Amino acid sequence: MVKKPIKEKKTVPDALKTPKGMHDVLPYEFPWWLKVSRTAEKIAEFYGFLKIETPVLEQAGLFARAVGEDTDIVQKEMFIVKTKGDDTLALRPEGTAPVARAFLEHSLGKSAPLQKLWYEGPMFRYENPQAGRYRGFHQIGFEIIGGPNDPMYDAQVILATQRLLEELKIKNINLKINSIGCRVCRPIYKRQLQAYYKPHLKQLCGDCNRRYTTNPLRLLDCKNEKCQPFKEKAPNFFDKLCLTCSTHLKTVLEYLDELSVSYALDNQLVRGLDYYSRTVFEFYIDGEGVNLGAVAGGGRYDYLIELLGGRPTPGVGGALGVERLIEVMKAQGEVAPARIPKKVFIIHVGEQAKKKSLNIIEEIRKANISVTEALSRESLKAQLKMADREGAALALILGQKEIFEGSIIIRDLKNSLQENVPLDRMIEEIRKHLK
Ligand code: HAM
């Protein structure tokens with residue numbers, strides 16, 4: 001049984017504790033993590049995504065090129081590692097750029113032009129830690145790279161994300177969706193946005209003044225109080241999308257309608273990563289105690305593979321934050337997923353029995369029956385108590401007398417009936433009891 005530990009007075013000195021914004025995942029928390037991971041695996045399998053794992057360290061230049069030099073992630077949030085060989089590496093802040101790099105580096109598109117890939121793992125961003133925002137966190141991501149530039153895939157990524165949230169029994173899901181256009185219509189919109197903001201620059205925050213030249217779309221993402229009135233009156237991108245982009249968005253929405261996935265169009269949703277084109281989306285959870293920011297986000301990135309040196313290749317994907325999912329599940333009153341108890345608990349009495357126990361456990365393991373023990377405990381009473389707490393169906397008791405006779409006691413923990421059976425019939429008898 002995995003229990004929440006009682007805090008000891010003596011602990012590690014502050015200087016040796018987990019770095020700010022990073023956390024351990026302790027055994028008593030693990031059922032939540034397993035639940036999320038197994039559900040993601042099931043969803044990925046169902047929608048035909050294959051698993052991929054990329055290194056936690058990548059060339060820092062990959063993110064500068066893919067995520068964008070002027071983004072907060074690259075400007076302020078990367079953990080940089082200088083190697084002895086003078087390489088500049090970064091702890092990955094996200095998973096899409098590494099997957100795109102792997103797609104290209106291993107010519108994955110050659111074996112099958114359309115690759116549906118998924119991943120789970122730690123990401124790192126040097127952010128200001130607060131509720132739902134950490135420096136070390138975990139993502140689960142889905143990416144569809146290659147094949148035709150089909151709005152159906154945007155819908156499928158959104159659907160897989162939505163289904164994962166639903167399978168985790170997360171309620172009050174709020175999907176926001178937008179299109180940020182393409183190489184044709186976006187520059188025109190950016191110029192209109194700049195023309196609109198130009199007379200107001202003095203009234204805008206410092207960040208917005210910087211974004212005005214480096215990344216005007218991000219003006220729409222500002223959270224600063226004094227910039228809100230200008231945001232509200234900013235020109236609407238929906239009216240400025242080119243025909244191809246507006247048809248793409250319309251078709252994505254038709255797919256979502258067909259699938260009964262509800263959404264809200266949000267023309268100010270722009271995302272903090274520069275590789276997106278056309279569709280962008282974010283999932284929020286409404287309600288009290290779940291105000292952690294988006295639980296998932298993603299979009300289309302049709303220029304990313306080209307930016308990394310490949311041929312023009314469409315792509316679309318999304319990622320969920322595991323810590324945020326677990327926090328939402330807890331806040332919404334989900335109970336910790338129950339651990340499946342072991343079927344058999346081994347109890348020993350005396351030193352000789354203890355020595356024999358490991359071998360007996362091996363025999364039971366080979367027979368594919370789940371088994372556990374508390375070999376560090378000496379008293380029979382303490383071991384029986386632990387067997388009860390484990391919720392095991394049977395206790396196997398081995399003492400001096402049993403060793404001498406070549407037998408073992410099988411005790412049914414539900415009715416406390418027990419019998420002595422020869423060791424060479426132990427597996428057969430366990431199976432009979434478990435039936
Ligand atoms: P993102 O929106 O930066 O997108 O991150 C996706 C999710 O990761 C967020 O919605 C959030 O749940 C979680 N997350 C991000 N930062 C933190 C943090 N500091 N602490 C805790 N959770 C966090 C991406 O990373 C894109 N790569 C998603 C994507 C995949 N786009 C296309 N494919």
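## A tour of two sheets and a ligand

Start with helix α4, residues 96–105, which lies across β5 (115–124) and β6 (136–145). The helix runs at about 45° to β6. Keep in mind throughout that this is a predicted model.

Now select helix α6, residues 151–167. This helix packs on the sheet and touches β5, β6, β7, β9 (277–285), β10 (296–300) and β11 (315–321). Compare directions: α6 makes about 15° with β11.

**The eight-stranded sheet**

Show the strands under these helices. In what order do the eight strands of this open sheet run? Read across: β1-β5-β6-β11-β10-β9-β7-β8. The pairing is mixed. Go to the edges next, where β1 (50–51) and β8 (264–265) stand. Each has a single partner strand, so one side of each is left without a neighbour in the sheet.

Stay at the β8 end and add β7, residues 173–179. Two bridges join β7 to β8, and the two strands run parallel. Pick K176 and look opposite: A264 in β8 is there. As background, strands of a sheet pair through backbone hydrogen bonds, either parallel or antiparallel.

**The ligand**

Select the ligand and show what surrounds it. How many residues are there around the ligand? The count is 26, and the closest are E94, E127, Y134, E143 and Y276.

Take three side chains in turn:

- Q139: an N or O atom of its side chain is 3.0 Å from an oxygen atom of the ligand.
- E143: here the partner is a nitrogen atom of the ligand, 2.8 Å from an N or O atom in the side chain.
- R271: a polar side-chain atom lies 2.9 Å from an oxygen atom of the ligand.

Is the ligand mostly covered or mostly open? On its own it has 650 Å² of accessible area, and the protein covers 96% of that.

Colour the shell by element. β6, β10 and β11 are the elements that give two or more residues to the shell. Which of the elements gives the largest share? That is β11, with four residues. Then colour the shell by residue type: 11 residues are nonpolar, eight are polar and seven are charged.

**The five-stranded sheet**

Move on to another open sheet, this one of five strands. Its order is β13-β12-β14-β15-β16, again with mixed pairing. Find the edge strands, β13 (371–373) and β16 (418–422), each of which pairs on one side only. Turn the view to follow the twist, which averages 30° from one strand to the next.

Select β12, residues 344–348, together with β13. They pair in the parallel sense over three bridges. Pick I346: its bridge partner in β13 is E373.

Two helices come next. Helix α14, residues 380–390, lies across β12, β13, β14 (394–398) and β15 (407–412). It runs at about 175° to β12. Helix α16, residues 426–434, packs on the sheet and touches β12, β14, β15 and β16. The direction of α16 makes about 5° with that of β15.

**Last stop: a hairpin**

Finish on β15 and β16. Do these strands pair in the parallel or the antiparallel sense? They are antiparallel, with five bridges. Pick I410 and find its bridge partner in β16, E419. Then zoom to the five residues between the strands of this hairpin. Select S416, which takes a positive phi near 60°.

Key
Residues numbered from 1 in each chain as written. Predicted model: local features only at pLDDT ≥ 70, side-chain atom pairs only at ≥ 80, totals over all residues. Heavy atoms only, no water. Pairing = 2+ DSSP bridges. Contact = heavy atoms within 4.5 Å. Axes fitted to C-alpha atoms, helices over the stretch in contact; angles between N-to-C directions. Near = heavy atom within 4 Å. Polar contact = N/O pair within 3.5 Å; in protein donor to acceptor, adjacent residues only side chain to side chain. Areas by Shrake-Rupley, 256 points an atom, 1.4 Å probe, with all protein chains shown as cover. Nonpolar A, V, L, I, M, F, W, Y, C, P; charged D, E, K, R; others polar.
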